[in-house]
Amino acid sequence: MQPDPYAPMPAAIVDVFAETPNIKTFRLRPEAPVPFRAGQFVELSVPGLGEAPFTPSSAPSVADTMEITIMRVGLVTERLHALKPGAVVGVRGPLGKPYPLEAMRGREVLVVGGGVGLAPLRALLFALFEDVTAYRKIILRYGARTPSDLVYRGALDDLWGMADAVDAMLTVDRRDDGWTGHEGVVTTILEPGRLTCDARNGVAVVCGPPIMMKFTTVKLLDLGYAPDRIYLSMEKNMSCGIGKCGHCRLGAYYACQDGPVFTFDKVQGLSRIWD
Ligand SMILES: Cc1cc2nc3c(=O)[nH]c(=O)nc-3n(C[C@H](O)[C@H](O)[C@H](O)COP(=O)(O)OP(=O)(O)OC[C@H]3O[C@@H](n4cnc5c(N)ncnc54)[C@H](O)[C@@H]3O)c2cc1C
Ligand code: FES
């Protein structure tokens, strides 16, 4: 018999890292490994309260624990942020389709993140790093509103020990006194002079707030990226996560099953994709 797809597996919180004033990373140890691939998501539940979808941000190759980076925005995330190591939550998944690493092999991979959108991209970067020579070049462009809104701040200088393998540039919308890097929205570090890329043959992967995804996609098309090589995380409101309830409908697709990662050519004709 199939296990119940609605039944969450208990997972203990073993560590909590404060990333920004409203974002924390939770390290979980599920009762049994939850083998996921970069880009897939899980439904995380707080017993007696509810559940919400999140994309693991840790290396998919680490089997016994999983990290999830969560921004506090409402009911479930507020309660999650109050939990301490030792608390037990529920995990359902993995759900949805992963980033297609096969389609990226042999190509340049441009990863563009905004705010907490770097979370799923961190899992992708870890997966790329494991076979780094398989990709022509890895480029990271990451922006947040202010320096204190950058996630994984302590790791961004040496990029988890892989700085030599990545052409990386960061930006903030508004600098503070300690910031010596670039100032401007993320599309300003996709300009010639700040980005050298092989747009005709390369792959771009974008995750961030809807407005950032919209303007980044316009910029990538301008640069010459093909619509079917621009990968977008469409974080639609979800409920069941398994293609039954219709909450996540996106044209003819269910974002929970056919996504959450879509190439731009699949969604470009659909209405309200950036809502
Ligand atoms: C596939 C997927 C992966 C995600 N991965 C992450 C992640 O790694 N880290 C992270 O911090 N967040 C992620 N999210 C967003 C996260 O699911 C929502 O922030 C969460 O559901 C909010 O729950 P809540 O009960 O705290 O907020 P609620 O009380 O439900 O709502 C608070 C506010 O957020 C809005 N909102 C709620 N859910 C969504 C949603 N799914 N999309 C857009 N707006 C929403 C509501 O309209 C409301 O304005 C992901 C969403 C999806 C669909
Ligand atoms: S969340 Fe229910 S169909 Fe996608």
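**Figure 1. Contact between the two domains of the predicted model.** In this view, 15 residues of domain 1 are in contact with 13 residues of domain 2. On the side of domain 1 that touches domain 2, β1 (9–20) and β5 (66–71) each supply at least two residues. By class, the residues of that side of domain 1 are seven nonpolar, seven polar and one charged. Domain 1 covers 9–95 and domain 2 covers 101–233. Taken over C-alpha atoms, the centres of domain 1 and domain 2 are 24 Å apart.

**Figure 2. The shell around ligand 1.** Ligand 1 is surrounded by 22 residues, of which A52, M71, G74, V76 and T77 are the closest. At least two residues of the shell come from each of β4 (50–54), β5, α1 (75–82) and α3 (118–129). The largest share belongs to α1, which gives four residues. The shell is made up of 14 nonpolar, five polar and three charged residues. Ligand 1 lies between domain 1 (9–95) and domain 2 (101–233), because both give residues to the shell around it.

**Figure 3. The largest nonpolar core and the contacts of L124.** Nonpolar side chains tend to be buried together in soluble globular proteins. The largest nonpolar core here has 71 residues, and the members that touch the most others are V111, L124, A204, V205, V206 and Y231. Helix α3 provides the largest share of this core, seven residues. Domain 1 (9–95) and domain 2 (101–233) each contribute at least three residues to this core. With neighbours within four places in sequence left aside, L124 is in contact with A38, G39, Y99, V111 and V205. Two of these partners, V111 and V205, are also listed with L124 among the core members that touch the most others.

**Figure 4. Strand β3 and its pairing with β4 and β6.** Six of the six residues of β3 (residues 41–46) are buried. On one side of the strand these are F41, E43 and S45, and on the other V42, L44 and V46, so both faces of β3 are covered. Strand β3 is joined to β4 by five bridges, and the two run antiparallel. Within this pair, S45 of β3 has E51 of β4 as its bridge partner. The hairpin of β3 and β4 has three residues between the strands, and G48 in this hairpin takes a positive phi near 80°. Strand β3 also pairs with β6 (residues 88–95), in the antiparallel sense and over four bridges. The bridge partner of F41 in β6 is L95.

**Figure 5. Strand β6, its pairing with β1 and the cis bond at P94.** Six of the eight residues of β6 are buried, and the strand is mostly covered. Four bridges join β6 to β1, and the two strands run antiparallel. In β6, V89 stands opposite A11. Strand β6 also contains P94. The peptide bond between G93 and P94 is cis, with omega about 5°. A second view shows another cis peptide bond, from G259 to P260, with omega near 10°. P260 is located in the loop between α5 (255–258) and β15 (261–263).

**Figure 6. D149 in the loop between β8 and β9.** D149 is placed in the loop that runs between β8 (137–144) and β9 (166–172). Is D149 buried or exposed? D149 counts as buried because it has 21 C-beta neighbours inside 10 Å, where 20 or more are needed. Leaving out residues up to four places away in sequence, D149 touches T20, G115 and A144. Y135 is 14 residues from D149 along the chain, and their C-alpha atoms are separated by 30 Å.

**Figure 7. L159 and W160, two residues with positive phi.** Most residues other than glycine have a negative phi. L159 is not a glycine, yet its phi is positive, about 45°. W160, also a residue other than glycine, has a positive phi near 55°. L159 is in the loop between β8 and β9, and W160 is found in that loop too. L159 has 18 other C-beta atoms within 10 Å, so L159 is partly exposed. W160 counts as partly exposed because it has 14 C-beta neighbours inside 10 Å.

Definitions and conventions:
Residues numbered from 1 in each chain as written. Chains lettered and ligands numbered in written order. Predicted model: local features only at pLDDT ≥ 70, side-chain atom pairs only at ≥ 80, totals over all residues. Domains from an automatic or database assignment. Contact = placed C-beta atoms within 7 Å. Nonpolar A, V, L, I, M, F, W, Y, C, P; charged D, E, K, R; others polar. Near = placed C-beta within 6 Å. Core = buried A, V, L, I, M, F, W, Y, C linked by C-beta atoms within 7 Å. Buried ≥ 20, exposed ≤ 12 C-beta atoms within 10 Å, placed from the backbone. Pairing = 2+ DSSP bridges.
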